[in-house]
Amino acid sequence: MKMKISVLASIPLALAMLVHPAWAQPSRLDVVKARGILRCGVNPSFAGFALPDSAGHWRGFDVDMCRAVAAAVLGDAAKAQYVALSAKDRFTALQTGDIDMLARNATWTLSRNTKLGINFVATNFYDGQAFMVKAASGIKSVDDLNGASICVIAGTDTERNLADFLGSRKIKFSTVAFENDDNVAEAYLAGRCDAFINDGTQLAATRLRSPEPKAHVLLPESIGIEPLSISVRNGDEVWANVVRWSFFAMLAAEELGLDSKNVRAKIGASQNPGILRFAGKSEDLGAMLALDRDWAVRIVEQVGNYAEAFDRNIKPLGIERGLNRLWKDAGLMIAPPMR
């Protein structure tokens, strides 16, 4: 009789572990809290998104995504450590657990999601691949690229998209491929290829940092849309939810009119149910994420809302928000209801 009770008592736990496999081992959330530092994978050198300043401090839009999670989990946006990763190594670092999250202009795709065990928690920037050429080349459109050599980063979706796009137009070309952004940009600037294909934002950053920005132009054609997304390793929904909602909190704050300068004062004077929920005043949303009540407010206070991060980092590149506007401004950015 005692044996039967013991067996029956174990059934709920077994079922719970099937539904919540993360229970079988510590969540990455516990690991990060115990370590006291968030390890975040970023691009080694991407102006506007991830780049150390003259003092060695990392700055950029993707860096702010990491800072938001550090503020939510550890109480301090400065408690993030940045791991510079090439396109080739970025997913491996996530798979092996060398990093806690990846905020490195990586496109959300079916194969990466299923074959690599990557959980893309949210798209933080919509981009499109484009071509850059020297203004003096006389190249005005992709139709002028027949027979051209094109610089591209090896092992990326860009390489495949290039072949599909130009192949469908029966345009002959050759590629000059390198493993990282810096090498391919240097090759283009040194004249080793006729054109450079990359995400439009990366091309804009390369042009801005070149000795003569006006000597380079982007062709009018764009190859589709690239949902650049923040990711974590599959199998840990507790941690995935924390990273996901840390980003959504930045979007929700913009929609609610909360920013780094007014967040505390506006919350103190507000009767808006949405603002009070966001601030943890009327409901404890943090408990659902194993965080405290103040997690979302800290993100806004220490990092800012989505618009602040965009204007601070990306707008100086000469890039408008476009598709990255909020849904109410005819953009694609939307935060699910925080309730």
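This passage describes a sheet, two helices packed on it, and a further helix that is mostly covered, in a predicted model.

The sheet is open and is formed by 8 strands, which follow the order β4-β1-β5-β10-β6-β9-β7-β8. Its pairing is mixed. At the edges lie β4 (residues 80–84) and β8 (residues 173–178), each of which pairs on one side only. On average, and with direction ignored, neighbouring strands of this sheet are turned by 25° against each other.

Within the sheet, strand β5 (residues 101–107) pairs with strand β10 (residues 216–233) in the antiparallel sense, and 3 bridges join the two. Thr107 has Leu228 of β10 as its bridge partner.

Helix α7 (residues 181–189) packs on the sheet, where it touches β5, β6 (residues 118–134), β7 (residues 148–153), β8, β9 (residues 195–199) and β10. The direction of α7 makes about 160° with that of β7. Helix α8 (residues 200–209) also packs on the sheet, and its contacts are with β5, β6, β9 and β10. For α8, the direction makes about 50° with that of β6.

Helix α12 spans residues 295–302 and is mostly covered, with 6 of its 8 residues buried. The buried residues are Trp295, Ala296, Val297, Arg298, Ile299 and Val300. Among the elements that cover these buried residues are four helices: α3 (residues 61–74), α9 (residues 237–256), α10 (residues 263–269) and α11 (residues 273–278). Just after α12, Gly304 takes a positive phi of about 110°.

Conventions. Residues are numbered from 1 along each chain as its sequence is written. This is a predicted model: local features need pLDDT of at least 70, side-chain atom pairs count only at pLDDT 80 or more; totals for chains, interfaces and linings use all residues. Side-chain values use heavy atoms; hydrogens and water are left out. Buried means under 20% relative accessible area, exposed over 50%, partly exposed in between (1.4 Å probe, protein chains only). Contact means heavy atoms within 4.5 Å. Two strands pair if DSSP finds at least two bridges between them. Axes are lines fitted to C-alpha atoms, for helices over the stretch in contact, and angles run from 0 to 180 degrees between N-to-C directions.
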